[in-house]
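I opened this entry to write down, step by step, what I looked up and what I found.

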Amino acid sequence: MQAELKEPVYLEDKLKEVRSSGRLDYRSEVLPTWCPGCGYFSIAEGIAEALTALKIPQKDAVVVSGIGCASRFPFFMETYGFHTLHGRALPVATGIKLANDDLHVLVVGGDGDCFAIGGGHIPHAARRNVDLTYLLFDNGIYGLTKGQTSPTSSVGFTTKTTPFHNHDQPLNPLLMLLSYGASWVGQAYAGRPHHLAEMIRQAMAHRGFSYLHILSPCVTFDKTDLTYKNMDLLVRDLPENYDPSDHRAAMQWAAKAGHEHPSLGLFFSEEHPTLSDNMNDIVARATA
Amino acid sequence: MICSRPCEPACRHGWPGNGEPVNICHLKRAAADLKTAGHRISENLYTPSGKRVAIVGAGPAGLAAAHDLSILGHVVTIYEREEVPGGMLYYGIPSFRLPRDILQVEVHNTTRLGVTMKTGVAVGNGENDVRLSALHDQYDAVLLATGCMRAKPVPLREYEGEDDPIFATKGAEYGLYFLMDLHRGVKKTVGRRVAVIGAGFTALDCARVARRLGAKHVSIHIRTTEKYIPVVEEEIREAKREGVEIHGLRSPVGLVTDDAGRLTGVRFAQNRLGGWRENGRRKAIIIDGSEFLEPCDTVLIAIGQDSVNDYLDLPLELDRWGNVRLAENGMTSHQGVFAAGDYVHGAATVVEAVGHGREIALKLDTFLMGAPRRRPVVKIEPVAEPLRTRAYDFIPRQPVPMTPLKKRFKSLNVQVETGMTKKIAAEEAKRCYLCYLKYEIDVDNCIYCRACIDVAPRDCIKLVEGVEIHEDGTYGELKEAREWNNAGAIWIDNNQCIRCGACYTACPTHCISITRNELFMQDC
Amino acid sequence: MATHDTDVQISICGSAGDGTIAAGDLLKQAMAHAGYRVIAFNTYPAEIRGFGKCIARTRISTEQVYSMKPRSDVLISLNDAHAIPHVGEVRDYGSVIYESAPITRLAEGQHISGHVRPGQLPYGLPLRELSERATGSNRSRNMVALGFLAGLYAMPREVFHAAIKAKFKTKPKAVSEATIAAFEAGLEVGAQTHRFDLVELGEPPESLPGNVQILSGNAAVAKGCIEGGLDNYFGYPITPATTIMERLAHDLPVHGKRMLQTEDEIAAISGAVGAGFAGARAATATSGPGLALMGEMLGLGVMAEVPCVIFVSQRGGPSTGLPTKTEQSDLNIAVHGGAGDAKRIVLAPTNVEGCWRCAGKAFEMAEAYQTPVIVLLDLYLSNRFESVNFDPDENFNLSIPRGKPKHRPGESFRRYQVTDSGVSPRSVPGEADGLHPATGLEHDEFGHPSYEADVHTAMSKKRHDKLNKALKHPAITISKRFGDTGKVDVGILAWGSTFGEGLEAMMLARKEGIRCAAMKVVMLSPLPEAEISAFMDDCDEVLVPELNFEGQFANLVSGTLGRPLHRLNEVTGHPMSVSAILDQVRALAAHNARNAA
Amino acid sequence: MSTPLHYVIIGNGMAGNAAAAVLREHDPECRITIISAGALLFYNRYDLPNVFRGTESWVDLLVHPPEYYERNRITVRRKSPVIDVDSKRQVLVLAHREELHYDRLLLATGGEPYLPEKLKDSRPLMHNFGTYRAAMTMRAALPDGGRVAMLGGDVMGLDLARALIETGHQVSVVTDERTFWPHEVDDQERPRYYEALERMGIEVRDQGEVDRIVEGAAGMPARHITFACGEDLYADVVMPFFGIAPNVDFMSNSGADMERGILVDGHLKSSSENIWAAGDVSQIWSPKSKSYRFYYGYRNVRRMGETAALNMCGEAVEFDTNDDDVIEIDEAGRIQSPFWEHD
């Protein structure tokens, strides 16, 4: 792609700008151990930007993760973090929210952690409308165990465990979450850092269970499928006139939004009582 | 000397770890050799201005100025004392280093836009000479480019006499005059043992000519050491290959002659190195009582050249070395009289003279037209893709073909460096790092994933937390960030960058751009 | 070159992503095919392709050995930061091979050449540049280094080429060609390098009879599974067991069998138990954390007497622990883990050949004694490679008789009939006259729920007694004694991978004149009590070396037999060093001598 | 207590190692680093001819065993050529781009065989004997009883010649003004010395300028030398022995003055702060001859190393050499050169 001509950028100015933005405060000291080129770097930047934009104090933010490449996340964030067990991040996060409404809880997990071993927990976190943000890093593969198929791997995707052919239909997470009753569902792509950051900001601003599906290429174990090269050509935005309050439309668009036709943007959003609202309500009824 | 190749030591390919500099000198020569004779004038020509300019001296500075002035539409006449134009190019530099046919073509090229060449016409105060003042009256402007045509006299502390003993001694001669006579066609001879005193190209040329004239034992004697002499290493190596010896740390103190007054040797004294001179050269200090004899039957002195001013009949302000003073606008203290080249700066290289000639030509044009007409500007344009590959870095520096030793001494005209073939030149050209390209990361779109660093062939891309900025505004060392929360940006160090393009292809968010940055002359 | 015995150990050290392990892999493949005996072990980090340390150690010898040498002869550094701490492991007059043209400016001490000991010989070469020259990318530095090694020690290049082609046979031809180009680039430099070190590679020994293969413990397990008639495999990725599944994912379909990657360990063992109930030979593989998850379903397998095999490769624990480090701390959960008196068979091979045999035998035992069988490996054994020669005539028993369904007319099938041996007749769905319910509730001979005291007592006894037959199971070593016969000063009682170090220590001790014997115990449950007692009778002192903190095997033995023994426990995450065991043996022998005097 | 000084010695030969020993003796605390371009610990080059007398492994040539360096805490950094010396920052840059700080620096890089410019084209056809490796390569190239042609023939060459003759090989010395270097034998004396060489069994070719060296024709010895005068000479190995040229290229940015070698005063200190030089690389100011001159030979070199070390430790010791070592012919008519003696 051709760079169009613009005013020269001076490093020292940029450095000043980046520092003063405050973004770096949300970063830990340790360099992320993800492979160079990993989409998760983009997400890390996005979260830092969103936290900055929302002026969320480091002390009030908690990042909870399970097992997988994404689960390293808390180690690279200068916030509270909890690195739990494979697939068990959501219930832990639910506990944290139950104990303290004021915390901003971010749950991060990969497609394996979330939809394979952890698949049983999502519906319940969603229907209870726990007020947290679930960032799903979808790279369509198991990275930490060095490249096996995942629940979102597409049919025919060859990995070490599907050396001949992968027959299993990939899940459609957006459709699932919509049907589980998640109150905020959106999709972003690591190759579009600015849009991604904005979506994370919106998801965190939402009151209730927000689910952001992030397409994030695995540069090491996926050379053929969900790659930057392919995604750059496939991703597109939801139409201008799209109405995120229309659940039926959301289901229709989600149905089309696999890895084949990924649309980016906010699919669905509505306000209704959160877990803590209901808890307070029960307390209210009991003390009436 | 034509050029001391200041560009090659500066070439990044020669930096530690990068191998050897690009053979720029011979690439440029190849460009000239391989082009069709008669050069294409790339600049757009200016309409005739009706202004007339006289140039004194058809040396490098004069010719260069003539070329540019004629392009700018002025009528130029060159006055040259010698029979053939070219100045030092013809009379100073031996033909085995600069073939005369090439010189002829180049002189023709510079003058073919209608420059009038008056050779064998001396400007001066002799009776057949043309007076400078006369030129000043007849022309709108005069440019003095008379160079440095007097050999610097050698100080010999064991010699009390008034007049220069070099002229009085058979077998002793100044290198400059030796070479000039030779090229005027005078039959020159040298003895069996020849000692050359001096450290410049003229000294080397004298020594190598001496070998070709049949001297068996030729040695060069320098005050400091090889490390501190202003000549290109290759030239020294070639001289040595031709059997020339170089002795350091010695100063001549006297000449020894037999009863017939023929030279039998030179007395030298041992030196030790002193501090530095203001011109950046090393001082040498004579050690008392360390004198010794170097037997030889010819000595050639080449310790420098001075400008000559006795031809002037206008009052021009001179500095203490006898070089003419110039104002900002390139004019001497006398209205309408300009000067350029060695005559202004003292003896230097041909390229410096040519460069200065062109610089003054531009100023002279401003004087004639009353306002500047051309100025340098930087052109920046985007480049679609990397223009190099890593493989180019492994091409070794292509040496220029040389005539084998045996054949060299057949005649004075056997060219030593025969020039690159098209194939060699093309290969060598690939080595260029294309410094005019600039690789840049758009920090706003960078996700800090370090994919570019991962593929970098050198230490050229860094996670940075700061940058050192020199007084002149240029960047120095990038301060590398070790902590994640200090990594303000990922930045390409364009001094380290070898334009291999690996990062450009690797970046997942396409935030790396390439631009071409060039300097060129634009009409005002 | 004069033929003399070879015993050379080469360490390749780099950062994950440098291709350290890949290089080691090619080296051992090549050397094994050249005819040498090879044992190799890799250590690597959890990070995917991040920045952790990897070391591939390969010991090349004339005689087969079962442990690594404490000191290497050659160290290749693909990453100085990681390799510098290991320079000391190279012996005097051994060599250190490294990148001579780093692209970054280094502070004092950051380059390995500054750490090479006076006695060692440095060999620097521009790995990165040679890689880029040969392949246009810096990714093949490891192959350049490997080539240099081959060139330096005049190793036959053909075996390397063959190994490379084999490794990349599924990839486009260009890949193996580029790899070979890089290898050759290094080899050329190596061959031209004047060699000063005193590392000598002798001629390869006569190749062994039978078919020689170089296998990792996990590969041997997979081979055993296939030859042991495995029908269905269910698995979930977990280090260090994952490669068993990866191999079976390929090998089972090739043999017309089925493999399913489940969504977690719980589902994996459920599938195995279900398939076992349906009459298939079924298995799963996992590590400590997975085994913990499987506990409950394992209990059902014991209770419902369903044959299935669980391969467990131990790593550092507890919890997520040290996923990429070796340990022997899952003996307790393997032998005792789960709810209730859930006795099961536990086999622990001590070398790669044993991995193959135990895998095959596990399926025989599972069917013969109608029980889940756990085969207990550890990371060191799973990932270490040995050249093994297999006897082509040796086969596993693929049809264990299930016993005749015999029952009086009008009475239903007594699936859990109490017999003298304790093993009941068994039927599988699809067989006539064998209908019965299987359940996790305590049940009577018919499989009907029953909480009667005598039923639970009888059934518990039956479930325990039937397993003792396994101690006499044919064609498998349950326990074995090595070294001096009769009375000895010190006896080394060891299990699992650590036995290899025990064996070497024993031999060294005997060279020092200590009367010493070593016993390996392969079956941990049920425990071969008689053999162990007999061994302990002969030993003045008994030493139990094992890689766990509590001395789990020592506890098992002393708890079962009530006899004193000495413990040697390490939880370094690394294999136990031979010298550590030897020191203990010396101390015990001396102490024992004092007592005698 | 103050942090111990770091003494860095560039060069792993006699001078460097002698200096290291003295440094350790006088400063038990200090750090000592010897930097070498080669792969081996210090071995005695004077013993190299022994590769013809049965020395099979370089280990037998080692002057000190590895333990010596461990015990004396002397770091020997081999295969680490120095590419730059920045005397302002007191930092060395090694070829692999590592920077090394020094408090005091000793240059003892010695020299490499000098080769006249006109012979450089023929270098590929010639063998050297300066290092163990070169020695082994040369030995491999020389068949039993084969002939070695020595161009020039300095004392190191003649020492080797003795070993070659003794082990049944043939030697031709092609004379030159540098024959017997570093001794100076004037033209009247030369014939006597040539006779002495011939008594040693060496063929003397006093032929003048070499015209060219080429591969010998098939079936002939491997090298064929033809002289300007038309004569020619066949040999299996051709070796240049024109004395030693110091090895100082990497010093160009060090600020230390150089001519052919590093120019040092009587205390072996260079013109640059904290830099000393010893051995074949140092060109020492001689008040007697009023010039900077070299001193060669095992004993001189060792003394230079020791002297430099003492001065680096803050003492002020003049380098003194017993009057120039002279070559002579003993009553038995044999050539005696002090440079053939070493311990």
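**A sheet in chain D**

I began with an open sheet of 3 strands in chain D, where the order is β17-β19-β20 and the pairing is mixed. I noted beforehand that I am working with a predicted model. Next I asked myself which strands of chain D stand at the edges. They are β17 (262–264) and β20 (291–293), and because each has a single partner strand, one side of each is left without a neighbour in the sheet. I then looked up the twist of this sheet, which averages 35 degrees from one strand to the next.

Looking at one pair in detail, I found that β19 of chain D, residues 282–286, runs antiparallel to β20(D) and is joined to β20(D) by 3 bridges. Following one of these residues across, I saw that D:I284 has D:R293 in β20(D) as its bridge partner.

**Where chain D meets chain B**

I then turned to the contact between the two chains, to which chain D gives 12 residues and chain B gives 14 residues. I sorted the side of chain D that touches chain B by class, and wrote down 7 charged, 3 nonpolar and 2 polar residues.

**Chain B as a whole**

Before going into detail I looked up the overall figures for chain B, which has 524 residues, with 39% of them buried. I listed 16 helices and 22 strands for this chain, and its C-alpha trace spans about 85 × 60 × 45 Å along the principal axes. I also looked at how far apart in sequence the contacting residues are: of the contacts in chain B with a separation of 6 or more, 70% are between residues 24 or more positions apart.

**A sheet in chain B**

In chain B I looked up an open sheet of 3 strands, with antiparallel pairing and the order β20-β19-β21. The edges of this sheet in chain B are β20 (475–480) and β21 (489–492), and each has a single partner strand, so one side of each is left without a neighbour in the sheet. The twist averages 65 degrees from one strand to the next.

What packs on this sheet? I found helix α1 of chain A, residues 11–21, which touches β19 and β21 of chain B, and whose direction makes about 170 degrees with that of β21(B).

I finished with the pairing of β19 of chain B, residues 461–469, which runs antiparallel to β20(B), with 4 bridges joining the two. As a last check I looked for the residue opposite B:V467, and I found B:L478 in β20(B).

Definitions and conventions:
Residues numbered from 1 in each chain as written. Chains lettered and ligands numbered in written order. Predicted model: local features only at pLDDT ≥ 70, side-chain atom pairs only at ≥ 80, totals over all residues. Contact = placed C-beta atoms within 7 Å. Nonpolar A, V, L, I, M, F, W, Y, C, P; charged D, E, K, R; others polar. Buried ≥ 20, exposed ≤ 12 C-beta atoms within 10 Å, placed from the backbone. Pairing = 2+ DSSP bridges. Axes fitted to C-alpha atoms, helices over the stretch in contact; angles between N-to-C directions.
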